[in-house]
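Please open the structure in your viewer and keep the selection panel at hand. The tour below proceeds from one selection to the next.

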Amino acid sequence: TMKIYLASSWRNEYFPGIVQTLREAGYDVYDFRNPGDGGDGFRWSDISADWLEWEPQRYRDELINNPRCDRQFANDLRAMQSCDVCVLLLPCGRSAHTEAGWFAGRGKKVIVHIPVKQEPELMYRLFDAVTTTIDELLEALKA
């Protein structure tokens, strides 16, 4: 069974449906919102309500020293190492793009899935496919 790392954002409303659709199609999908370690994923707001106000030093210190960051980073990295392909589900942010770049740098397949209007991005040509419908995504996964 192909293992898929679905890289996206907590704010992406399409994420749960894509997880479900890919699982129903027979794929093993890593869901960062439910990483399988008994936790419910990672949110900066779980560390501090004022996380958007942090100065760079606080951000760095939390990133490096916070046990919640340690746990989720380990979950995500383990999943990345075990997955065959990354689906970059737009819209998403910096972490998801970093994850997609990691996959590409290791020669693993990356598919960008764009279910809604987005600002165009030229460098998505670095990846293996760009899809806009579920049928296209499922086809790209088979290729």
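Select Arg60 and Asp61 in this predicted model: their side chains meet in a salt bridge, with an N to O distance of 3.1 Å. Asp61, at 35% relative accessibility, counts as partly exposed, and Arg60, with a relative accessible area of 44%, is partly exposed as well. Side chains of opposite charge can pair when their charged atoms come close. The structure holds four salt bridges.

Next, select Arg43, Asp46 and Arg68, which are linked in a network of salt bridges. Asp46 takes part in both contacts described here: the N to O distance is 3.5 Å to Arg43 and 3.0 Å to Arg68. The pair of Asp46 and Arg68 links distant parts of the chain, since Asp46 belongs to the loop between β2 and α2, whereas Arg68 is in helix α3, 22 residues apart. How exposed are the members of this network? Asp46 is partly exposed at 36% relative accessibility, Arg43 is partly exposed with a relative accessible area of 25%, and Arg68 is partly exposed at 26%.

Keep Arg43 displayed and add Trp10. Arg43 lies over the face of Trp10, at 3.9 Å from the ring centre. Trp10 counts as partly exposed, because its relative accessibility of 30% falls between the limits of 20% and 50%.

Now add Phe32. A search of the whole structure finds nine aromatic pairs. The ring centres of Trp10 and Phe32 are 5.8 Å apart and the planes stand at 85°, so this pair is edge-to-face; the cut-off for that class is an angle over 60 degrees. Trp10 and Phe32 connect distant parts of the chain: Trp10 is in the loop between β1 (3-7) and α1 (15-24), and Phe32 is in the loop between β2 (28-30) and α2 (56-65), 22 residues apart. In contrast to partly exposed Trp10, Phe32 counts as buried, at 11% relative accessibility.

For a further aromatic group, select Tyr5, Tyr30, Trp102 and Phe103, which form one cluster. Tyr5 and Phe103 also lead into the largest nonpolar core. Which residues of this core touch the most other members? Of its 35 residues, they are Ile4, Tyr5, Leu6, Leu22, Leu88, Phe103 and Leu141. Colour the model by element to follow the contributions: β1, α1, β2, α3 (67-82), β3 (85-89), α4 (94-105), β4 (109-113) and α5 (134-142) each supply at least two residues. The largest share, five residues, comes from β3.

Continue past β3 to Leu90 and Pro91, which are joined by a cis peptide bond with omega of about -5°. Pro91 has its place in the loop between β3 and α4.

Return to the surface and select Tyr59, Leu63 and Ile64. These residues make a nonpolar surface patch of about 300 Å². Leu63 is found in helix α2 and counts as partly exposed, at 44% relative accessibility.

Finish at Lys142 in helix α5. Is Lys142 buried or exposed? Lys142 counts as exposed, because its relative accessibility is 60% and the cut-off is over 50%. To close the tour, display Arg68 again and draw a distance between the two C-alpha atoms: Lys142 and Arg68 are 36 Å apart in space and 74 residues apart in sequence.

Definitions and conventions:
Residues are numbered from 1 along each chain as its sequence is written. This is a predicted model: local features need pLDDT of at least 70, side-chain atom pairs count only at pLDDT 80 or more; totals for chains, interfaces and linings use all residues. Side-chain values use heavy atoms; hydrogens and water are left out. Rings of Phe, Tyr and Trp (its six-membered ring) pair if their centres lie within 6.5 Å; planes under 30 degrees apart count as stacked, over 60 as edge-to-face and the rest as tilted. Helices (H or I, at least four residues) and strands (E, at least two) are DSSP runs, numbered from the N terminus. Buried means under 20% relative accessible area, exposed over 50%, partly exposed in between (1.4 Å probe, protein chains only). A charge sits over a ring if NZ of Lys or CZ of Arg is within 6 Å of the ring centre and within 35 degrees of the ring normal. Patches are made of residues with over 30% relative accessible area and no salt bridge: like charges are joined within 9 Å, nonpolar side chains (Val, Leu, Ile, Met, Phe, Trp, Tyr) within 5 Å. Accessible areas come from the Shrake-Rupley method with a 1.4 Å probe; for residues, only the protein chains shown count as cover. A nonpolar core is a set of buried Ala, Val, Leu, Ile, Met, Phe, Trp, Tyr and Cys residues joined through side-chain atoms within 4.5 Å.
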